Amino acid sequence: LSYTRADPPLGFVLMGDSTTNHDPTLVLGWGGGFCDALQSTPVYACVNAAQNGATAAAYVNSGKLDAALASARTLVGAGRRTYVTISFGINDSKTSTLAVYASALKTMIAAVRAIKAEPILMKVVGESTHTNVVDLTGHSAWYISEIGQTAAWRLNSLPADQTHLNAKGSTLFGRMVGLFMKQFLTALPLVQNAALDTALLNGVAFY
């Protein structure tokens, strides 16, 4: 899923699993909400290159990394300052080891830098990678604990699915990513939504 927006030249490619991906019917993750949170004027490029069910290593080895890099390379070639988010872990925790996971992240980070794009990790890892990080895992866990289980369930893609998001959840957590990304990317142009920002920063349920 791609969103096209334009000058000044910023571009985003989102790499990850289903918690980043966007599906028009199921919604799934934060990626769609993040792209939609960017101002429509000036226009920006935001490409969701996530893969449902992927571990970090599988993403590297399946060719999905190459496809994401191709998108990023196109944005770089068009003169955009391009950021690539890297968001894996939920599937890795079930099927992989920490060493394999960390190795795959390093491969992605190096590959992104090699094409003159800038990686952003969406999860704190134990070993320093000298990479900007948005601790979405930590921030979202805090927010969910503050609003409580009943309010949190209203953001689920399906009633029994506590992993994926509906449209409201994607909007909320996509906005959360943008807010914390602005701490190091101050030029990030978010659509004005003071009420949602206040709710996110104070742990208040918002629908």
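A residue counts as buried when its relative accessible area is under 20%. With that cut-off in hand, the tour of this predicted model can start from Phe34, which is buried because its relative accessible area is 0%. Phe12 reaches the value of 0% as well, and so it is also buried.

These two residues belong to the aromatic contacts of the model. A search of the whole structure finds five aromatic pairs. In one of them, Phe12 and Phe34 meet edge-to-face, with 5.4 Å from centre to centre and 85 degrees between the planes. Phe12 sits in strand 2 (residues 10-16) and Phe34 in helix 1 (residues 31-37), so their contact ties together parts that are 22 residues apart in sequence. Phe12 and Phe34 also belong to a wider group, since one aromatic cluster is formed by Phe12, Trp30, Phe34 and Tyr83.

Strand 2, the home of Phe12, deserves a closer look. Seven of its seven residues are buried, so strand 2 is largely enclosed by the rest of the structure. In a regular strand, side chains alternate between the two faces of the sheet. In strand 2, Leu10, Phe12, Leu14 and Gly16 point one way, while Gly11, Val13 and Met15 point the other way, and all of them are buried. Strand 2 has partners too. Seven bridges pair strand 2 with strand 6 in the parallel sense, and one residue of strand 2, Gly16, has Ser87 of strand 6 as its bridge partner. Strand 2 also runs parallel to strand 5 (residues 45-48), to which four bridges join it. Here Gly11 stands opposite Ala45 of strand 5.

Strand 5 leads on to the disulfide. The structure holds one disulfide, which joins Cys35 to Cys46 with an S to S distance of 2.0 Å. Its torsion about the S-S bond is about -65 degrees, so the disulfide is left-handed. Cys35 lies in helix 1 and Cys46 in strand 5, so the bond ties together parts that are 11 residues apart in sequence. Is Cys35 buried or exposed? At 0% relative accessibility, Cys35 counts as buried. Cys46 is buried too, its relative accessible area being 0%. Helix 1 thus provides both Phe34, for the aromatic pair with Phe12, and Cys35, for the disulfide.

A second edge-to-face pair brings other helices into view. The ring centres of Tyr143 and Phe173 are 6.1 Å apart and their planes stand at 90 degrees, and because an angle over 60 degrees counts as edge-to-face, the pair falls in that class. This pair links distant parts of the chain: Tyr143 is in helix 6 (residues 136-147) and Phe173 in helix 8 (residues 167-181), 30 residues apart. Tyr143 is buried, with a relative accessible area of 0%, and Phe173 is buried at 7%.

Helix 8 takes part in a charged contact as well. The count for the structure comes to two salt bridges. In one of these, the side chains of Asp197 and Arg175 meet at 2.7 Å, N to O. Asp197 is found in helix 9 (residues 194-202) and Arg175 in helix 8, so this salt bridge ties together parts that are 22 residues apart in sequence. Both Asp197 and Arg175 are buried.

The salt bridge between Arg81 and Glu118 has its closest N and O atoms 2.7 Å apart. Arg81 lies in strand 6 (residues 81-87) and Glu118 in strand 7 (residues 118-121), so the contact ties together parts that are 37 residues apart in sequence. How do these two residues stand with respect to the surface? Arg81, at 48% relative accessibility, counts as partly exposed, and Glu118, at 28%, is also partly exposed. Strand 6 therefore holds Arg81 of this salt bridge, and strand 6 is also the parallel partner of strand 2.

Two further details complete the picture. Arg154 lies over the face of Tyr207, 3.6 Å from the ring centre. Pro24, in turn, occupies the loop between strand 3 (22-23) and strand 4 (27-28). At 73% relative accessibility, Pro24 counts as exposed. Pro24 and Ala167 are 143 residues apart in sequence, yet their C-alpha atoms are 8.9 Å apart in space.

Notes:
Residues are numbered from 1 along each chain as its sequence is written. This is a predicted model: local features need pLDDT of at least 70, side-chain atom pairs count only at pLDDT 80 or more; totals for chains, interfaces and linings use all residues. Side-chain values use heavy atoms; hydrogens and water are left out. Rings of Phe, Tyr and Trp (its six-membered ring) pair if their centres lie within 6.5 Å; planes under 30 degrees apart count as stacked, over 60 as edge-to-face and the rest as tilted. Buried means under 20% relative accessible area, exposed over 50%, partly exposed in between (1.4 Å probe, protein chains only). A charge sits over a ring if NZ of Lys or CZ of Arg is within 6 Å of the ring centre and within 35 degrees of the ring normal. A salt bridge is a side-chain nitrogen of Lys or Arg within 4 Å of a carboxyl oxygen of Asp or Glu. Two strands pair if DSSP finds at least two bridges between them. A disulfide is a pair of cysteine sulfur atoms within 2.5 Å.
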